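Please work through the exercises below with the sequence and the model open side by side. Each task is followed by a solution that goes step by step.

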Amino acid sequence: MKLLSRDPRLICELAFRPLALVFWSILGAKALNNGLARTPTMGWLHWERFMCNLDCQEEPDACISEQLFMQMAELMVSDGWKDAGYEYLCIDDCWMAPERDSKGRLQADPQRFPNGIQHLANYVHSKGLKLGIYADVGNKTCAGFPGSFGYYDTDAQTFADWGVDLLKFDGCHCDSVTSLADGYKYMSLALNRTGRSIVYSCEWPLYLKPFHKPNYTDIQYYCNHWRNFDDVYDSWESIKNILAWTTTNQKEIVDVAGPGGWNDPDMLVIGNFGLSWDQQVTQMALWAIMAAPLLMSNDLRQISPQAKALLQNKDVIAVNQDPLGKQGYCFRKENNIEVWERPLSNLAWAVAVRNLQEIGGPRFYSIQVASLGHGIACHPGCIITQLLPEKVKLGFYEWTVTLKTRINPSGTVLLRLDHN
Ligand code: GLA
């Protein structure tokens, strides 16, 4: 794990003592409520697809540069992403110059971002989008660029001055669990004090987990979303692991999610190389059920029409963005089938049926309609629409009947149940 085992813990704790006083006194006064992320954040984040590519000589189209983000911003508007709801264009690690400037402020790499972040933010805003940026609570970012430890106020103010709208705050290179927690809390308040609306995306529980159980009441109080589990990869193995972790831990994490604070199972990798069509359907369906931030990491310049249609599916996005803001959960697992459900506004429900069996062909699975949504989803009846893998209006179902689904191996059928 990325917390360093060497122990200058004392230094960190002493360094934070005066800060602790400040935020506990503020905390006593009022709860943090920045009014943001009332539904899960939607956008694009560079990490999974572009990682820390610094080589703009050899790979001008894939390196982390101003040009990459400007191209993505243009496409987010011209190709319907913005209209579908994807609003935040987010920079991850590796945007920085190796050193802070003479005033101690972070600065963008001058070769790769020749006009600086403020210019990029203006451009992104001119397209009607918002800009996200990345920093780290510790001494260095995970890729070794300057960390924010000791500079939380400076960095929060710098981001606000530049016009940044979201901060992903990573947890590498932090010397102790105490400084990790204090740093995440302090940065939340520092962002708030700038007066600019900045979505605060944390990785606090992920870095805390090896040491002790995360206190989700605390985390939800300070963060708009938080990563609980390992980085997503462009592989089915990775998606399966994230879903397995979520089902195992759902008792602790589902109830803390709601408007303003979400569990973040990491980026959507739909449109890349590693997932089959049915596996991409599974990621989209389950990220909708989980009320997860929808942050795509793909190349919008080269994406198949099929992946694009899946990512822009209005019905599925409506489930993800449902204003009731309740995260779904897995309520049945039998015979290599998982059934998940999520309560939606207007007494509607979303139901996902996953086929975990990776041998053989499509399987049939029958559900007693009366067993869905604590028995009330279809009482006395409901209209069922299959949303994925394709939209099919299945019609009216009475409470007493059985619904038969057909699910491809490693695929998912996503349903919506409405009362009228
Ligand atoms: C960590 C995070 C990733 C990404 C990288 C960047 O691994 O979990 O999401 O931000 O750092 O270095």
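The exercises that follow concern a predicted model, and they go from the ligand to a helix, then to single residues and to the backbone.

**Exercise 1. The ligand and its shell**

Determine which residues come nearest to the ligand, and how the residues of the shell divide into nonpolar, polar and charged.

Solution. Begin with the residues around the ligand, of which there are 13; among these, Asp 92, Asp 93, Lys 168, Glu 203 and Asp 231 come nearest. Next, sort the shell by residue class, which gives 5 nonpolar residues, no polar ones and 8 charged ones. Then turn to the atom pairs: a polar side-chain atom of Asp 93 lies 2.8 Å from a ligand oxygen, a side-chain N or O atom of Lys 168 is 2.7 Å from an oxygen atom of the ligand, and for Asp 170 the corresponding distance from a side-chain N or O atom to a ligand oxygen is 2.8 Å. Finally, consider the surface of the ligand, which exposes 310 Å² when taken alone, and of which the protein buries 96%.

**Exercise 2. Asp 92**

Establish whether Asp 92 is buried or exposed, and find the residue to which a polar contact joins its side chain.

Solution. First locate Asp 92, which lies in the loop between strand 2 and helix 5. With a relative accessible area of 2%, Asp 92 falls under the 20% limit and is therefore buried. The side chain of Asp 92 is joined to that of Lys 168 by a polar contact of 2.6 Å, and Lys 168 in turn has a side-chain N or O atom 2.7 Å from a ligand oxygen. Leaving out residues up to four places away in sequence, Asp 92 touches Leu 45, His 46, Trp 47, Tyr 134 and Lys 168.

**Exercise 3. The buried residues of helix 5**

List the buried residues of helix 5, and explain why they can be assigned to the same side of the helix.

Solution. Helix 5 spans residues 116–126, and its buried residues are Ile 117, Leu 120, Ala 121, Tyr 123 and Val 124. Because these residues cover an arc of only 160° around the axis, they are on the same side of helix 5. The spacing fits a general rule: an α-helix has 3.6 residues a turn, so residues three or four places apart point the same way. As a further step, examine the packing partners of the buried residues, which are helix 3 (66–78), strand 2 (88–90), strand 3 (130–136) and helix 6 (152–162). Just after helix 5, Gly 128 adopts a positive phi of about 80°.

**Exercise 4. Two residues of helix 12 and one loop proline**

Classify Gln 279, Leu 286 and Pro 323 as buried or exposed, and identify their contacts beyond four places in sequence.

Solution. Start with Gln 279, which lies in helix 12 (residues 277–289) and is buried, its relative accessible area being 12%. Its contacts are Trp 236, Gly 274 and Ser 410, not counting residues up to four places away, and the side chains of Gln 279 and Ser 410 are joined by a polar contact of 3.2 Å.

Continue with Leu 286, also found in helix 12, which at 0% relative accessibility counts as buried. Beyond four places in sequence, Leu 286 touches Leu 243, Trp 340, Ala 352, Arg 354 and Thr 412.

Finish with Pro 323, in the loop between helix 14 (314–320) and strand 9 (329–334); its relative accessibility of 60% is over the 50% limit, so Pro 323 counts as exposed. Apart from its neighbours within four places in sequence, Pro 323 is in contact with Pro 259 and Ser 345.

**Exercise 5. Backbone features**

Find where the cis peptide bonds before Pro 380 and Pro 389 lie, and describe the phi values of Asn 335 and Asn 336.

Solution. The bond from His 379 to Pro 380 is cis, with omega near 0°, and Pro 380 is placed in the loop between strand 12 (363–368) and strand 13 (381–388). Leu 388 and Pro 389 are likewise joined by a cis peptide bond, with omega about 5°, and Pro 389 is in the loop between strand 13 and strand 14 (392–398).

Turning to phi, Asn 335 has a positive value of about 55° although it is not a glycine, and Asn 336, not a glycine either, has a positive phi of about 60°. Asn 335 is in the loop between strand 9 and strand 10 (337–343), as is Asn 336. At 64% relative accessibility Asn 335 counts as exposed, whereas Asn 336, at 37%, counts as partly exposed.

How values were computed
Residues are numbered from 1 along each chain as its sequence is written. This is a predicted model: local features need pLDDT of at least 70, side-chain atom pairs count only at pLDDT 80 or more; totals for chains, interfaces and linings use all residues. Side-chain values use heavy atoms; hydrogens and water are left out. A residue is near a molecule or strand if one of its heavy atoms lies within 4 Å of it. A polar contact is a pair of N or O atoms within 3.5 Å; within protein, one must be able to donate a hydrogen and the other to accept it, and residues adjacent in sequence count only if both atoms are side-chain atoms. Accessible areas come from the Shrake-Rupley method with a 1.4 Å probe; for residues, only the protein chains shown count as cover. Ala, Val, Leu, Ile, Met, Phe, Trp, Tyr, Cys and Pro count as nonpolar, Asp, Glu, Lys and Arg as charged, and the others, Gly among them, as polar. Buried means under 20% relative accessible area, exposed over 50%, partly exposed in between (1.4 Å probe, protein chains only). Helices (H or I, at least four residues) and strands (E, at least two) are DSSP runs, numbered from the N terminus. The arc is that of the directions from the helix axis to the C-beta atoms. Contact means heavy atoms within 4.5 Å.
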